[in-house]
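Here is a friendly walk through a structure that may be new to you. Take a moment to look at the sequence and the model, then read on with both in view.

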Amino acid sequence: MRCIQCGCLEDRVIDSRMSKDGTSIRRRRVCLRCDYRYTTYEQIERTELRVVKRDNLREALNREKILRGMVKACEKRSVSMDQLDRAVDEIISELHRDHLREVPSNEIGKKVIEKLYAIDPVAYIRYVSVYRQFQNVEEFIQEISQMQHRIVNDPLQGKLNIP
């Protein structure tokens with residue numbers, strides 16, 4: 001590692017710690033020439049995922065784009081940015097695990113929908129309505145009815161009183 005103070009290439013690691021999420025290692029270093037202390041982070045380098053759009057064009061996976069869509073769906077809801085950040089990290093990890101280099105855009109949309117369903121039902125409906133391009137109120141009603149049916153039939157949800 002090159003010292004950011006003097007440019008020397010010789011240093012010594014004085015402390016190493018794993019990050020909270022276990023995905024990187026934080027190292028405290030000291031330059032052997034000028035005694036300047038600095039921190040570096042080591043993490044696994046993943047291959048860049050490419051998104052295959054509906055029109056077959058390809059572009060780099062953009063974490064911020066996924067997060068922006070989820071933030072928009074959760075606007076004026078009691079959903080924290082930490083929840084959304086974790087959800088996006090989980091989505092990206094799942095995509096890396098499931099795909100080699102390219103992922104169809106509809107797979108990303110499905111994963112976002114799954115995460116929003118678990119986080120907030122209103123955000124879920126908002127996102128689905130844009131993702132599936134709802135054209136009228138009946139499509140909203142149908143999706144909400146299906147969502148209620150899934151909740152009622154989910155043994156982990158318990159009994160709900162839905163009119």
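Ile25 stands opposite Glu42 in strand 3, and Arg26 faces Tyr41 in that strand. Before going further, please keep in mind that this is a predicted model.

Strand 2 covers residues 24–31 and runs antiparallel to strand 3, with seven bridges joining the two. These strands belong to an open sheet of three strands, ordered 1-2-3 and paired in antiparallel fashion. At the edges are strand 1 (11–18) and strand 3 (37–43), each of which pairs on one side only. On average, neighbouring strands of this sheet are turned by 25° against each other, direction ignored.

Now follow the chain from strand 2 to strand 3. The two strands form a hairpin, with five residues between them. What sign does the phi of Asp35 have? Phi of Asp35 is positive, near 65°, in a residue other than glycine. Asp35 sits in the loop between strand 2 and strand 3. With a relative accessible area of 56%, Asp35 is exposed, because exposed means over 50%.

Another residue with a positive phi is Lys76, at about 60°, although Lys76 is not a glycine. You can find Lys76 in the loop between helix 1 (63–73) and helix 2 (81–98). Lys76 has a relative accessibility of 81% and counts as exposed.

Next come the aromatic rings. A pair of aromatic rings is described by the distance of the centres and the angle of the planes. The count here comes to two aromatic pairs. In one of them, Tyr36 and Tyr38 are stacked, with 6.2 Å from centre to centre and 20° between the planes. The angle of 20° makes this pair stacked, because planes under 30 degrees apart count that way. Tyr36 is partly exposed at 30% relative accessible area, whereas Tyr38 is buried at 5%.

Tyr117 and Tyr124 make an edge-to-face pair, because their planes stand at 75°, with the ring centres 5.1 Å apart. How accessible is Tyr117, and does the word buried or exposed suit Tyr124? Tyr117 counts as partly exposed at 29% relative accessibility, and Tyr124 is buried at 3%.

Let us turn to the charged side chains. How many salt bridges does the structure hold? There are 18 salt bridges. The table below lists three of them.

| Salt bridge | Closest N and O atoms |
|---|---|
| Asp15 and Arg17 | 3.1 Å |
| Glu59 and Lys53 | 3.8 Å |
| Glu59 and Lys65 | 3.3 Å |

In the bridge between Asp15 and Arg17, Asp15 is partly exposed, with a relative accessible area of 25%. Its partner Arg17 is exposed, at 52%.

Glu59 forms a salt bridge with Lys53 and also one with Lys65. Glu59 counts as partly exposed, with a relative accessibility of 29%. Lys53 is partly exposed at 27%, and Lys65 is partly exposed at 39%. Elsewhere, Glu90, Glu94, Arg97, Asp98, Lys111 and Lys115 are joined into one network by salt bridges that share partners.

Our last stop is a nonpolar patch on the surface. Which residues make this patch? The patch is made by Val137, Phe140, Ile141 and Ile144, and covers about 330 Å². Phe140 lies in helix 5, which spans residues 137–152. With a relative accessible area of 33%, Phe140 is partly exposed. That value lets Phe140 take part in the patch, because patch residues need over 30% relative accessible area.

To look back over the tour, you have met a three-stranded open sheet with antiparallel pairing and a hairpin whose turn holds Asp35 with its positive phi. You have also met two aromatic pairs, some of the 18 salt bridges and the nonpolar surface patch that includes Phe140.

Definitions and conventions
Residues are numbered from 1 along each chain as its sequence is written. This is a predicted model: local features need pLDDT of at least 70, side-chain atom pairs count only at pLDDT 80 or more; totals for chains, interfaces and linings use all residues. Side-chain values use heavy atoms; hydrogens and water are left out. A salt bridge is a side-chain nitrogen of Lys or Arg within 4 Å of a carboxyl oxygen of Asp or Glu. Buried means under 20% relative accessible area, exposed over 50%, partly exposed in between (1.4 Å probe, protein chains only). Two strands pair if DSSP finds at least two bridges between them. Helices (H or I, at least four residues) and strands (E, at least two) are DSSP runs, numbered from the N terminus. Axes are lines fitted to C-alpha atoms, for helices over the stretch in contact, and angles run from 0 to 180 degrees between N-to-C directions. Rings of Phe, Tyr and Trp (its six-membered ring) pair if their centres lie within 6.5 Å; planes under 30 degrees apart count as stacked, over 60 as edge-to-face and the rest as tilted. Patches are made of residues with over 30% relative accessible area and no salt bridge: like charges are joined within 9 Å, nonpolar side chains (Val, Leu, Ile, Met, Phe, Trp, Tyr) within 5 Å. Accessible areas come from the Shrake-Rupley method with a 1.4 Å probe; for residues, only the protein chains shown count as cover.
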